[in-house]
Amino acid sequence: MKQSDDITTNAYNFGQLFSCGVDEKTAIYNMSFNIAELHSCGNLRFIAKIGYNPLSRDNVGFGIGWSLNLSHYDIHNKIVSLSDGKSFRIISAGANNVKCRYLKDDKDISIKLKNNCLLITHKDGTIEEFDSFGNISKLISPSGHWHKYQFQNNRLFSVIDTENKNLTFEYTSNGVSIYNSNSEVTCVCHISSSLLKRVIFGKENNINI
């Protein structure tokens, strides 16, 4: 990946679309930006954000090291990763009792099993349900409005809300295209040699990496 001085973008003109910097605790350079949004009832909003992890060699469709900010459960390593960056390791799991390492005593979240799948309840009442592969399958807000997530080959395929509005992700060897409910392309991520090279928003806004 290029150094930050080599990144050309006009994303800085668009609020919090783009962010980058060095983590003070880990000294690791990180970068993230929003690529799509789905506004729903009850102030529920899905923001698709991709972030770069220089320690990762995984490619989930957006290029090596890039991934969406979705909560996920790594079944093999028994690690729960939340969309806000927090992570916990499950050390034991029963029908009504899931014990985690690094989970705060104040219980900002509670983790249970539902039909052998994880169910996470947050302090504000938000609920996240996961499928048998560890992917998030549904998010329910305190107001009762929800987002449902569909995956294909462990890659996010679509997000749909209570009003049937949706975002669809189309993956090819050259990148990812994101479509809204009107089948309009809202964002295109271009990939070359498994590396993210360019992100295009509409006709004029773009990020070259």
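In this predicted model, the secondary structure is all about strands: the chain has 20 of them and 0 helices. Of its 209 residues, 37% come out as buried. The accessible surface adds up to about 12300 Å², with carbon and sulfur atoms supplying 45% of that area. As for how the chain meets itself, take the contacts with a separation of 6 or more: 29% of these link residues 24 or more positions apart.

One piece of this strand architecture is an open sheet of 4 strands, running in the order β6-β7-β8-β9 with antiparallel pairing. Its edges are β6 (72–74) and β9 (98–101), each of which pairs on one side only. Leaving direction aside, neighbouring strands in the sheet are turned by 35° against each other on average. At the β9 edge, the partner is β8 (residues 87–93), and the two pair in the antiparallel sense over 4 bridges. Within this stretch, S92 sits opposite K99 of β9.

Another serine, S158, belongs to strand β15 (residues 155–161). S158 has a relative accessible area of just 7%, so it counts as buried, the cut-off being under 20%. Its side chain makes a polar contact with the side chain of Q150, at 2.9 Å. Leaving out residues up to four places away in sequence, S158 touches K148, Y149, Q150, L167 and T168. Q150 thus turns up both as a polar partner and in the list of residues that S158 touches.

On to charged pairs. Side chains of opposite charge can pair when their charged atoms come close. In this model the count is 3 salt bridges. K114 and E129 form one of them, with their closest N and O atoms 3.7 Å apart. K114 is part of strand β10 (residues 109–114) and E129 is part of strand β12 (residues 127–130), so this salt bridge ties together parts that lie 15 residues apart in sequence. The two ends differ in exposure: K114 is partly exposed at 42% relative accessibility, whereas E129, at 19%, is buried. That 19% falls under the 20% limit, which is why E129 gets the buried label.

R45 and E37 make up another salt bridge, the closest N and O atoms being 3.5 Å apart. Here R45 is partly exposed, with a relative accessible area of 46%, and E37 is also partly exposed, at 34%. The side chains of E163 and K165 meet in a salt bridge too, at 3.4 Å from N to O. E163 is partly exposed with a relative accessible area of 44%, and K165 is partly exposed at 29%.

Methods:
Residues are numbered from 1 along each chain as its sequence is written. This is a predicted model: local features need pLDDT of at least 70, side-chain atom pairs count only at pLDDT 80 or more; totals for chains, interfaces and linings use all residues. Side-chain values use heavy atoms; hydrogens and water are left out. Buried means under 20% relative accessible area, exposed over 50%, partly exposed in between (1.4 Å probe, protein chains only). A polar contact is a pair of N or O atoms within 3.5 Å; within protein, one must be able to donate a hydrogen and the other to accept it, and residues adjacent in sequence count only if both atoms are side-chain atoms. Contact means heavy atoms within 4.5 Å. Accessible areas come from the Shrake-Rupley method with a 1.4 Å probe; for residues, only the protein chains shown count as cover. Two strands pair if DSSP finds at least two bridges between them. Axes are lines fitted to C-alpha atoms, for helices over the stretch in contact, and angles run from 0 to 180 degrees between N-to-C directions. A salt bridge is a side-chain nitrogen of Lys or Arg within 4 Å of a carboxyl oxygen of Asp or Glu.
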